[in-house]
Structure formats: C-alpha cells, structure tokens
Amino acid sequence: MFDVKNYEAVGDGVTVDSAAISRAIQACSNSGGGTVVFPAGRYLTGPIQLLSDVTMHLEAGATLIASPHVDDYFEVQAAVESARVGLLYATNAANITISGRGCIDLNGTAFMNMQALHIGRDLDRSYTRQKEDYLPANGDIADGPVDYLDRPGDSLQFLNCTNVALRDITLLNAPDWTVRFGNCDNILV
C-alpha cells in the first residue's frame, strides 16, 4: 500500500499534488506493484501517467481534481507519442486498476465558455426536429451546448494496454471524451 500522503500529497484542493502522486505511483511500480491509496481529501493534479501493476484506489471522500490549466496537459503531450493526454493516461502498460468509492472530477467547465453557445461546423441542423430553428444565434445559453475552449485530450486514456479495470469510481465533468481504450485487451468497466 502506497498512501499518497506519505509522498507529500496535501489533498486540500488548492495545493497541486501532481508530483507527489507521481512519486507514489513510481514507488509502487518500482516495488513490483501494489495499491496507491488516496485517503479522503481533494487532490488537485495535472496529468498522471499510470504504470503497470498499479491500482489507484480512491477511498470514500477522496476526489481527484483535474488541473484547470490547459497548458499543464500540453506540456505532457510533447513527451507522449500518442494523441493529446487528459488527466490519467497509460501506454503499453498492463494490470492497471482504478477503484474505490471516490470521485474523479475532470473539471470540464474550466475548458468551456459558459457564456456562449457552441454552433460549429459539427452542428448540422438538418438532422434536428426543429431544422433551422434549432439553436438560433439569439438562443438561450441554458439550452446549450456551450462553446468550448482549448481543452485536454481524452480524460482517461489507455493505449496498447492489457488488463485494465475501472471499478466503483465516479467520473464527473469531462471536458472531452471521458474514457478511451485504444488497441487494448481485457478491459473491465
């Protein structure tokens, strides 16, 4: 068991705990695997790489909060050969589990313009019941969809991985796709 607080994670929702969480995951992996435990608290973090043979366990009352700064994600993207990263990512890894009664808040509204409607080229009104009356330019923002800003990639991303499990956790407020399994085998959600 590798408690993130033993690696200097604060869990106050203000302090950025990325480095402490990464140290706990690395220590767990270096020891041959195990469980990285998040006790109750609010852990603000940027992208975290998940490693083989590691279980991330969020206890009840623990919330992992995604950084609201898009630059945090693009800095990591340069080091990863795949698409843009989101909060949690793994590449060419095996035996990864994310579990517990805790929550992962992906902080989606930090990457949205909540004051503007999104009416982009991906919106074809001809497919709606209302046709051209759907989402008029002077429409009510409450009807959504809201406009989005530059944002992170897939929130949880697993590429070329085997034996991945997501159990009992709650995922909230994704800014883009929530979970992506690319070229993975033996997935349990």
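Leaving aside neighbours within four places in sequence, which residues is Phe-158 in contact with?

**View 1. Phe-158 and its surroundings.** Contact here means heavy atoms within 4.5 Å. Beyond its sequence neighbours within four places, Phe-158 is in contact with Leu-50, Ala-90, Ile-96, Ile-98, Val-164, Leu-166, Val-179, Arg-180, Phe-181, Gly-182 and Cys-184. This is a predicted model: local features need pLDDT of at least 70, side-chain atom pairs count only at pLDDT 80 or more, and totals for chains, interfaces and linings use all residues. Residues are numbered from 1 along each chain as its sequence is written, and side-chain values use heavy atoms, leaving out hydrogens and water.

**View 2. An open sheet of four strands.** The strands follow the order 5-8-13-16, with parallel pairing. Strands (E, at least two residues) and helices (H or I, at least four) are DSSP runs numbered from the N terminus, and two strands pair if DSSP finds at least two bridges between them. Look for strand 5 (48-49) and strand 16 (179-182) at the edges, where each pairs on one side only. Two bridges join strand 5 to strand 8 (residues 88-91), and Ile-48 has Leu-88 as its bridge partner there.

**View 3. A salt bridge between Arg-23 and Glu-8.** A salt bridge is a side-chain nitrogen of Lys or Arg within 4 Å of a carboxyl oxygen of Asp or Glu. In this pair, the N to O distance is 3.5 Å. Arg-23 lies in helix 1 and Glu-8 in the loop between strand 1 (2-3) and strand 2 (12-16), 15 residues apart. Glu-8 is exposed (over 50% relative accessible area, 1.4 Å probe, protein chains only), at 62%.

Terms used. Buried < 20%, exposed > 50% of the residue type's maximum accessible area, 1.4 Å probe, protein only.
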